[in-house]
There are 2 protein chains.
Amino acid sequence: MELGGYANKIAHIDLTKGKVEYTPIPEDWARKYIGGRGLGVKYVFENGPQVDPLSPDNILCFMNGPLTGTEANMSGRTAFVTKSPLTGTILDSHHGGWSGARLRWAGFDGLIFKGKAHKPVYVYVEDGKVEIRDASAFWGKGVHETVKIFKEMFGEEDLSVIAIGPAGEKLAKFANWVNEMDRASGRGGTGCVGGSKHLKAIVIKAKKKIPKAKNREAWKPAQKRALATIMDENNATSPRKGGLSVYGTNVLTNISNNMGGFPTNNAQLADFGAKAEFISGEYVKEHILVDDPTCHACPVACKKEVEITEGPFKGLRMESVEYEPAWSLGAMCGNDNIAAVAKIIDMCNDYGLDAIEMGDVLAMYFEAKQRGYTNGGWHLRWGDYMYMVEIVDKIGKREGIGDILAEGTERAAKHFGHPEIAMTVKGMGIPAYDPRGYKGMGLGYATSNRGACHLRGYTPASELGLIPRKTDPLAWEGKGELLMDLQNLKAFIDSMDLCTFSSFAEGAEEYAMQYSAMVDVPFTADDVMKTGERIYNLERYYNNLNGFREGSDTLPERFLKEPSQAPGSTGHICELDKMLEEYYKVRGWVNGVVPEAKLKELEII
Amino acid sequence: MELGGYANKIAHIDLTKGKVEYTPIPEDWARKYIGGRGLGVKYVFENGPQVDPLSPDNILCFMNGPLTGTEANMSGRTAFVTKSPLTGTILDSHHGGWSGARLRWAGFDGLIFKGKAHKPVYVYVEDGKVEIRDASAFWGKGVHETVKIFKEMFGEEDLSVIAIGPAGEKLAKFANWVNEMDRASGRGGTGCVGGSKHLKAIVIKAKKKIPKAKNREAWKPAQKRALATIMDENNATSPRKGGLSVYGTNVLTNISNNMGGFPTNNAQLADFGAKAEFISGEYVKEHILVDDPTCHACPVACKKEVEITEGPFKGLRMESVEYEPAWSLGAMCGNDNIAAVAKIIDMCNDYGLDAIEMGDVLAMYFEAKQRGYTNGGWHLRWGDYMYMVEIVDKIGKREGIGDILAEGTERAAKHFGHPEIAMTVKGMGIPAYDPRGYKGMGLGYATSNRGACHLRGYTPASELGLIPRKTDPLAWEGKGELLMDLQNLKAFIDSMDLCTFSSFAEGAEEYAMQYSAMVDVPFTADDVMKTGERIYNLERYYNNLNGFREGSDTLPERFLKEPSQAPGSTGHICELDKMLEEYYKVRGWVNGVVPEAKLKELEII
């Protein structure tokens with residue numbers, strides 16, 4: 001079967017049996033779900049929604065989109081897709097770098113792991129072949145050392161290593177896969193699934209070999225047009241020209257803080273006051289920035305490599321201080337020491353832990369201490385970064401209190417008898433946008449298919465005026481439809497798989513042109529939106545089948561009942577109910593459940 | 001010559017010549033200036049007020065009072081008296097423990113050092129003899145190691161070691177002498193004078209041999225009455241029964257904070273809010289207290305030994321977290337980590353540095369950074385205790401920025417071009433009472449003879465209701481006379497030399513009875529006050545001769561012009577001018593200068 005624009009090869013790796021089978025992608029699946037996230041979700045769905053996430057029966061897909069590793073701009077993305085042990089929902093989590101591209105150059109669209117190896121293993125991928133190899137010597141090692149040893153074994157050139165750390169081995173619920181030292185498929189516990197399968201690493205060796213579009217004539221103008229939007233000199237918020245390129249994602253810290261949309265001290269506050277400056281991208285650039293690394297095919301270079309030259313973390317060099325962990329390990333924990341933020345991010349990358357959830361769980365623990373819900377940690381205090389470092393270490397090793405906190409924010413808060421101090425949705429901790437200052441984001445967290453997430457439908461793009469469709473961050477009206485459109489578009493982008501930041505410049509039209517040229521099928525902007533809608537509804541359907549139905553789409557009560565005191569959003573709460581009503585209506589869902597008619601309309605069933 | 005109640009032996013140690021001479025105390029001096037502080041001041045005065053503090057011509061007196069080391073309660077005190085290199089004023093600075101008692105038991109009232117040794121030396125004191133010995137092997141060593149080696153050399157029993165640390169050797173202006181690991185003659189740079197003389201340590205070996213009062217019949221009832229006041233079960237604020245015994249001096253943290261009399265963030269604020277609790281004596285007791293050591297003959301045991309069991313300073317055990325350094329290294333620097341406070345106190349004790357001035361100079365540096373007056377220290381921030389530890393280390397070694405800060409708060413602030421951010425009086429940093437919440441203390445700082453000091457006349461005893469003469473802390477009226485009386489009384493107590501805390505129970509009557517019985521001369525409560533006045537006026541006269549005249553008795557402008565925002569003292573400034581007018585009037589001084597008539601009236605000249 002020919003399937004233009006794809007490698008059209010999936011490796012099915014049965015870890016229990018130690019066998020690898022290769023199949024093409026069913027054409028119908030490719031057309032309807034594209035690749036990356038969408039295709040991964042389809043595989044996970046077909047594997048059965050009721051599966052226990054940590055049983056051998058769960059599958060773990062490492063899945064590219066048809067654009068991954070191509071000439072397309074910002075096409076260095078790839079996804080892990082599985083059922084989440086943190087949330088019990090469907091889960092896709094992406095990372096950048098070169099590993100997706102190299103998987104494609106090695107001849108694959110994806111690797112699908114099932115079963116559980118009898119002893120620790122890694123897979124070695126090269127030239128269209130996957131080998132399962134013994135990883136006993138790597139078990140217990142941090143990601144950084146693991147990567148280093150593999151580089152010594154196979155040579156640094158053309159090599160990608162994606163590994164789990166000790167936290168994943170020990171089934172920490174927010175353990176992740178880390179790619180090339182510092183880039184994580186961060187959220188939802190993908191690494192925990194890896195650990196449950198005794199899968200330590202994925203090693204890919206592949207020389208650069210850019211796949212050609214099937215319709216080469218159509219490709220050139222499509223690619224040129226996409227690039228033009230990204231590089232647009234007349235667009236102050238284009239990814240290349242805007243603050244993203246100069247300061248990285250952390251350009252947002254001061255902005256969100258001023259908007260009163262920056263959860264602080266476990267969201268007891270909606271801004272970090274004057275302290276935000278000290279964890280901002282501007283501050284990083286002024287004091288510790290040393291390099292701007294990129295992913296495959298990216299003209300933006302949002303990564304901001306730093307080196308710490310003073311204080312207790314002197315000598316640390318690490319790839320990037322992003323907005324999310326700057327917030328989670330900064331303001332959320334009351335910590336304004338950016339060197340400590342960098343240190344803890346680095347520790348998270350080495351242990352293989354989600355740095356967002358880490359901040360959430362630490363902040364919850366700080367609040368538990370503040371309110372006297374725990375006796376532990378007598379010198380535990382907001383912003384005490386040395387204590388944070390100590391607890392992170394314990395979480396990574398699952399020692400003492402770390403063993404409880406490794407279960408994630410929501411389970412740990414329940415352990416303390418106070419679920420209300422968990423800033424989570426469906427078991428996953430919130431990211432760096434306070435729903436009292438970014439109303440659309442509140443709806444986004446509540447309706448996200450993988451728990452509190454900013455990346456399902458990035459309403460701040462509209463609320464910050466980064467896209468032509470601008471809205472007031474403090475208004476709730478119209479956010480339902482806005483979010484739906486952004487969720488659908490994002491589901492498509494994640495399936496191609498392109499970087500989110502491309503969407504600050506490109507729109508459905510550009511995506512349609514690139515996809516159509518690559519696979520050589522007619523495809524319009526409407527098709528983009530319809531396909532995204534299909535993927536989003538399949539995910540929602542999967543979750544519905546797992547018991548996420550009426551009442552599941554909610555937010556921590558704090559955002560609904562405690563008005564913001566931050567200057568930028570004073571007096572505001574998040575009007576979730578009103579937005580939810582609007583949203584369900586445009587979605588055609590009944591109390592959060594996809595009706596059969598909708599599933600049929602979208603050709604899901 | 002007989003001089004009952006004294007050892008009546010002073011050792012004059014000429015370090016330049018390497019010679020020791022022994023003399024009795026001139027009887028007239030003993031009667032008029034008692035001992036300890038008063039007598040030391042007399043010796044320093046007679047040595048010539050114009051001397052350069054760091055020249056060999058300055059003298060350094062290690063001076064007991066007639067009650068030091070006797071049966072008298074709380075008589076474990078002794079003083080260093082010299083001309084201060086930090087302030088240029090007269091300086092006495094006391095410490096507790098056993099070294100004063102042992103000096104007495106070894107047969108001395110005092111040791112007076114002059115000159116400068118050609119190489120580092122220490123003096124060994126035993127059985128009425130003083131030997132000058134080579135200390136080259138100790139030069140550069142911390143106080144703790146120095147003490148340890150001497151204990152190994154001479155046996156721990158009956159031994160006291162008083163040493164300077166590396167900071168004193170390097171002439172840090174607020175270097176001090178540290179006694180028995182943890183007890184410092186803290187303020188004004190006594191250790192700097194030691195360093196300038198190449199005097200590393202004073203080692204005293206003496207078995208306990210309590211001196212008897214000359215009038216034994218009178219002594220018993222005097223001593224019994226003094227003890228009864230200290231142990232008084234009906235007095236809620238007696239030193240034995242009150243919080244002092246339970247929580248140590250740090251019982252004051254929450255009290256001062258609630259009063260709005262707790263300078264925070266370099267006194268930009270007058271309270272530390274809810275964070276004060278975390279550095280309080282109550283918090284110490286709950287979490288890290290392990291022992292309550294005492295000084296010679298003390299039933300109170302205000303020392304609070306702590307052990308740190310968590311965090312970056314885990315394993316640290318040190319003798320006491322006092323109110324003053326809990327404030328200076330805590331609230332004053334915005335730091336609420338009590339373990340870090342303990343760590344830095346311990347570092348100060350090892351380097352031989354004043355922990356009060358240390359907090360002042362760090363806080364000044366933090367404010368310099370806050371206001372952009374310095375480029376140094378990119379991650380310098382209020383409360384960043386790890387950074388504090390790093391700078392303290394640099395100050396102890398006089399490395400980098402530490403070399404500037406080692407000059408003390410006032411000189412360092414001038415270095416940054418902003419003397420107004422130095423919270424100092426006459427060159428010495430303030431202690432833990434905000435003059436906006438403790439008005440009397442403001443006058444006390446301004447008129448203290450050794451720069452900003454709370455221990456010249458402890459008005460909080462009245463403002464907190466610890467003594468029968470109670471006053472409103474926020475009222476200025478009457479503080480002039482109150483302060484004068486307390487200064488005079490304290491000058492006498494410091495000369496006997498008894499612990500300040502005895503004065504929360506004992507009064508002039510009790511002191512007169514004990515002194516009179518000890519030396520067997522008739523002495524009344526009036527004599528106590530008159531003698532104290534004489535000593536205080538001699539000190540003032542000394543300072544007048546050094547150029548401290550009209551306009552010298554002032555406060556940092558902040559306390560005079562920036563109203564407190566703390567709940568306990570909202571809107572208050574310190575009405576210094578009004579109090580000063582009242583004070584000079586009762587003192588009989590003209591614009592802060594002692595007139596000749598007063599000197600004659602007090603038989604000073």
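The paragraphs below walk through this predicted model, from its two chains down to a few single residues.

Some ground rules come before the tour. Residues are numbered from 1 along each chain as its sequence is written, and chains are lettered from A and ligands numbered from 1 in the order in which they are written. Because the model is predicted, local features need pLDDT of at least 70, side-chain atom pairs count only at pLDDT 80 or more, and totals for chains, interfaces and linings use all residues, while side-chain values use heavy atoms and leave out hydrogens and water.

Let us begin with confidence. For chain A the mean pLDDT (the predictor's confidence in each residue, from 0 to 100) is 96, and 100% of the residues of chain A reach 70 or more. The model has an ipTM of 0.77 and a pTM of 0.88.

Now look at the two chains together. Chain B falls onto chain A after a rotation of 180° with 0.0 Å of shift along the axis, and the RMSD is 0.0 Å; this superposition is by least squares on the C-alpha atoms of residues with pLDDT of at least 70 in both copies. The two copies are therefore related as by a two-fold rotation axis. Both copies use the same surface, since 100% of the contact residues of chain B recur in chain A (contact means heavy atoms within 4.5 Å).

Next come the strands, which are DSSP runs of E with at least two residues, just as helices are runs of H or I with at least four, both numbered from the N terminus. Two strands count as paired if DSSP finds at least two bridges between them. Strands of a sheet pair through backbone hydrogen bonds, either parallel or antiparallel.

A good place to see both kinds of pairing is strand S1 of chain A, residues 10-14. S1(A) pairs in the parallel sense with strand S6 (residues 110-114) of chain A over five bridges, and here A:Ile10 stands opposite A:Gly110. With strand S2 (residues 19-23) of chain A, S1(A) pairs in the antiparallel sense, again over five bridges; there the bridge partner of A:Ala11 is A:Tyr22. Four residues lie between the strands in the hairpin of S1(A) and S2(A), and in this hairpin A:Gly18 takes a positive phi near 70°.

Chain B offers a small sheet to compare. Three strands form an open sheet there in the order S13-S14-S15, with antiparallel pairing. Its edge strands are S13 (289-291) and S15 (317-318) of chain B, each pairing on one side only. S13(B) meets strand S14 (residues 305-307) of chain B over two bridges, and B:Asp291 stands opposite B:Glu305 in S14(B).

Finally, some backbone details are worth finding. Most residues other than glycine have a negative phi, and most peptide bonds are trans. In the segment before S1 of chain A, A:Asn8 has a positive phi near 55°. The peptide bond from A:Met496 to A:Asp497 is cis, with omega near 5°, and A:Asp497 sits in the loop between helix H19 (479-496) and helix H20 (508-519) of chain A. In chain B, a cis peptide bond joins B:Met496 and B:Asp497, with omega about 5°, and B:Asp497 is in the loop between helix H19 (479-496) and helix H20 (508-519) of chain B.
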